[in-house]
Amino acid sequence: MIQNRYADEVSDRLTMTDIILRYTDRQPKRGRIPCPFHDGRDDNLSFNNRVFHCFVGGKKANIFRFVVELFGLVFWQAVQKLRDGFNLEAPDEDLRARRRARAADQGGLRERRRRGEAAGG
């Protein structure tokens, strides 16, 4: 399903730091910021490249859930917001199909070579 692949690709290309710097006015310090979901000033949201954890509200999730919570969106709206906000293009399904076909052809060629059936063999 292209939507799942696209979400995976967005997730692979972006980090939580990218998103925090783009969509909040918080400046990260050693992987922590004041949680944008609360009015506190303490660095109570911890994050790494893939997930965040709020120590006040207990929320813990990935980059998509962060955007969902921050903007009140549903999952695919969050994916779209990230795509638009970071100028990410949708994956080219035709290109992916060509790559899969080429990989399959190469696998078949290796098998034929193994059996001695390739051209010149």
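1. A charge is said to sit over a ring if NZ of Lys or CZ of Arg is within 6 Å of the ring centre and within 35 degrees of the ring normal. In this structure, which is a predicted model, the charged end of Arg22 sits over the ring of Phe86, 4.2 Å from its centre. A further case is found at Phe71, where Lys81 lies over the face of the ring, at 4.4 Å from the ring centre.

2. The aromatic residues deserve a reading of their own, since the structure holds seven aromatic pairs. One of these joins Tyr23 and Phe86, whose ring centres are 6.1 Å apart and whose planes meet at 85°, so the pair is edge-to-face. The two residues come from distant parts of the chain, 63 residues apart: Tyr23 belongs to helix 2 (residues 16–23), while Phe86 lies in the loop between helix 4 (75–85) and helix 5 (93–115). Both Tyr23 and Phe86 are buried, and together with Phe71 they form one aromatic cluster.

3. Another aromatic pair is made by Phe37 and Phe52, with ring centres 6.0 Å apart and planes at 45°, so this pair is tilted. Here too distant parts of the chain are linked, for Phe37 lies in the loop between strand 1 (32–33) and strand 2 (45–47), whereas Phe52 is in strand 3 (residues 51–54), 15 residues apart from Phe37. Phe52 has a relative accessible area of 1% and is therefore buried.

4. The largest nonpolar core has 25 residues, and of these Val10, Leu14, Ile19, Leu45 and Leu82 touch the most other members. Two or more residues come from each of helix 1 (2–13), helix 2, strand 2, strand 3, helix 3 (63–71) and helix 4, with helix 3 giving the most, namely five residues. Leu14 may serve as an example: leaving aside its neighbours within four places in sequence, Leu14 is in contact with Ile19, Asn49, Arg50, Ile63, Leu82, Phe86 and Leu88.

5. Asn44, a residue of the loop between strand 1 and strand 2, has a relative accessibility of 10% and so counts as buried. Its side chain reaches the backbone nitrogen of Cys35 at 2.9 Å. Beyond its neighbours within four places in sequence, Asn44 is in contact with a set of residues that includes Arg32, Ile33, Pro34, His53, Cys54 and Phe55.

6. Side chains of opposite charge can pair when their charged atoms come close. The structure holds five salt bridges, one of which joins the side chains of Glu9 and Arg13 (3.7 Å, N to O). Because Glu9 and Arg13 are four residues apart in helix 1, they are separated by about one helical turn. Glu9 counts as partly exposed at 21% relative accessibility, and Arg13 is also partly exposed, with a relative accessible area of 47%.

7. A salt bridge between Arg26 and Asp25 has its closest N and O atoms 3.0 Å apart. Arg26 is buried, with a relative accessible area of 19%, whereas Asp25, at 65% relative accessibility, counts as exposed.

8. In the salt bridge of Glu69 with Lys59, the closest N and O atoms are 2.8 Å apart. This pair links distant parts of the chain, with Glu69 in helix 3 and Lys59 in the loop between strand 3 and strand 4 (60–62), ten residues apart. Glu69 is partly exposed, with a relative accessible area of 26%, and Lys59 is partly exposed as well, at 33%. Arg65 joins Lys59 and Glu69 in a network of salt bridges.

Key:
Residues numbered from 1 in each chain as written. Predicted model: local features only at pLDDT ≥ 70, side-chain atom pairs only at ≥ 80, totals over all residues. Heavy atoms only, no water. Phe/Tyr/Trp six-rings, centres within 6.5 Å; stacked < 30°, edge-to-face > 60°. Buried < 20%, exposed > 50% of the residue type's maximum accessible area, 1.4 Å probe, protein only. Core = buried A, V, L, I, M, F, W, Y, C linked by side-chain atoms within 4.5 Å. Contact = heavy atoms within 4.5 Å. Polar contact = N/O pair within 3.5 Å; in protein donor to acceptor, adjacent residues only side chain to side chain. Salt bridge = Lys/Arg side-chain N within 4 Å of Asp/Glu carboxyl O.
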